[in-house]
Amino acid sequence: MTTHKMAVPRTLRAEHHELHHELARAMDAGGRTGEAARRVADLLHPHFGKEEEFALPPLAVLAALAKGAALPDPGAILERTERLKAEFAQLVREHDEIVKALQALIMTAKADQKPEIVRFAEQLVLHAETEEEVLYPAAILVGEYLKLKRAL
Ligand SMILES: [Fe+2]
Ligand SMILES: [Fe+2]
């Protein structure tokens, strides 16, 4: 089945956009720090793509569900939450790789005295933790809730 593109909540899309932008700036720093930033970018781009395809769109319906509103296309949400469940461990492995690359970036940026890049890299580590602790589980629960409702 082909899945049409589904909106990511605006706030989360903006956060990804900002992190991309900061990473591009870090690459522009050149030298060892720029290289370390490029390594992060190589890992991050395909990862963000997957998140925006199926991990984050289910969160766009949270507010409507909390109000008790009916969804126009619950099947399209369920497709994504089931894919997230199936790929959860893989996404966490990708985070582990990304965090390792970020730790290397933090070391080189500290040595190069680039505190703004250190701060950005630390924010990106937190971003991954927020996803694992809050956003992915919330997205999965959206799917579980829809299945429960359907069974009633
Ligand atoms: Fe993300
Ligand atoms: Fe992520």
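A residue counts as buried if 20 or more other C-beta atoms lie within 10 Å of its own, as exposed if 12 or fewer do, and as partly exposed in between. That scale is used at several stops below. The model on screen is predicted.

**Whole chain**

Start with the full chain shown as a cartoon. The chain has five helices and zero strands, and read along the sequence the pattern is α-α-α-α-α. Switch to the C-alpha trace: along its principal axes the trace spans about 60 × 25 × 25 Å. Of the 152 residues in the chain, buried ones make up 25%.

**Gln113, in a loop**

Select Gln113, in the loop between α4 and α5. Is Gln113 buried or exposed? There are 9 other C-beta atoms within 10 Å, so Gln113 is exposed. Next look at its backbone: phi is positive, about 55 degrees, although Gln113 is not a glycine. Most residues other than glycine have a negative phi.

**Helix α1 against α2**

Now select residues 10-28, which form helix α1, and show α2 with it. Two packed helices are described by the angle between their axes and the distance between the axes. For α1 and α2 the angle is about 160 degrees and the axes are 8 Å apart. That angle makes α1 roughly antiparallel to α2. The crossing of α1 with α2 is left-handed.

**Helix α2 by itself**

Hide α1 and keep residues 31-55, helix α2. How far apart are the end C-alpha atoms of α2? They are 34 Å apart, which agrees with the 36 Å that its 25 residues should span at 1.5 Å a residue. Along the way, centre the view on Leu44: a kink of about 30 degrees lies there, shortly before the proline Pro46.

Colour the buried residues of α2 next. They are Thr33, Ala36, Ala37, Val40, Leu44, Glu51, Phe54 and Ala55. Leu44, the site of the kink, is thus also on the buried list.

Then pick Arg32, which also belongs to helix α2. Arg32 counts as partly exposed because it has 15 C-beta neighbours inside 10 Å. Draw a distance from its C-alpha to that of Lys114: the two residues are 82 apart along the chain, and the C-alpha atoms are separated by 12 Å.

**Helix α2 against α4**

Add residues 74-111, helix α4. How do α2 and α4 pack? Their angle is about 165 degrees, and their axes are 9 Å apart. The two helices are therefore roughly antiparallel to each other. Their crossing is left-handed. Show side chains at this contact: its residues divide into 15 nonpolar, three polar and seven charged.

Within α4, select Ala101. Ala101 has 21 C-beta neighbours inside 10 Å and therefore counts as buried. A second distance to draw runs from Ala101 to Leu43: these residues are 58 apart along the chain, with their C-alpha atoms separated by 8.5 Å.

**Helix α5**

Move to residues 115-151, helix α5. This helix has 37 residues and reaches 53 Å from its first C-alpha to its last, close to the 54 Å expected at 1.5 Å a residue. Where is the kink in α5 centred? Zoom to Glu131, where α5 has a kink of about 45 degrees.

Colour the buried residues of α5 as before. The list consists of Ile117, Phe120, Ala121, Leu124, Glu131, Tyr136, Ala139, Val142 and Gly143. Glu131, at the centre of the kink, is among these buried residues.

Two further residues of α5 are worth picking. One is Ala128, in helix α5. Ala128 has 19 other C-beta atoms within 10 Å, so Ala128 is partly exposed. Link Ala128 to Leu91: they are 37 residues apart in sequence and 9.8 Å apart in space, C-alpha to C-alpha.

The other is Arg119, also found in helix α5. With 13 C-beta neighbours inside 10 Å, Arg119 counts as partly exposed. Finish with a distance from Arg119 to Ala138, 19 residues apart along the chain: the C-alpha atoms are separated by 27 Å.

Note on methods
Residues numbered from 1 in each chain as written. Chains lettered and ligands numbered in written order. Predicted model: local features only at pLDDT ≥ 70, side-chain atom pairs only at ≥ 80, totals over all residues. Axes fitted to C-alpha atoms, helices over the stretch in contact; angles between N-to-C directions. Helix = DSSP H or I, 4+ residues; strand = E, 2+ residues; numbered from the N terminus. Parallel < 35°, antiparallel > 145°, perpendicular 65-115°, else oblique. Left-handed = near helix turned anticlockwise from the far one by under 90°. Nonpolar A, V, L, I, M, F, W, Y, C, P; charged D, E, K, R; others polar. Expected span 1.5 Å × (residues − 1). Bend = angle between axes of the 7 residues up to and from the residue.
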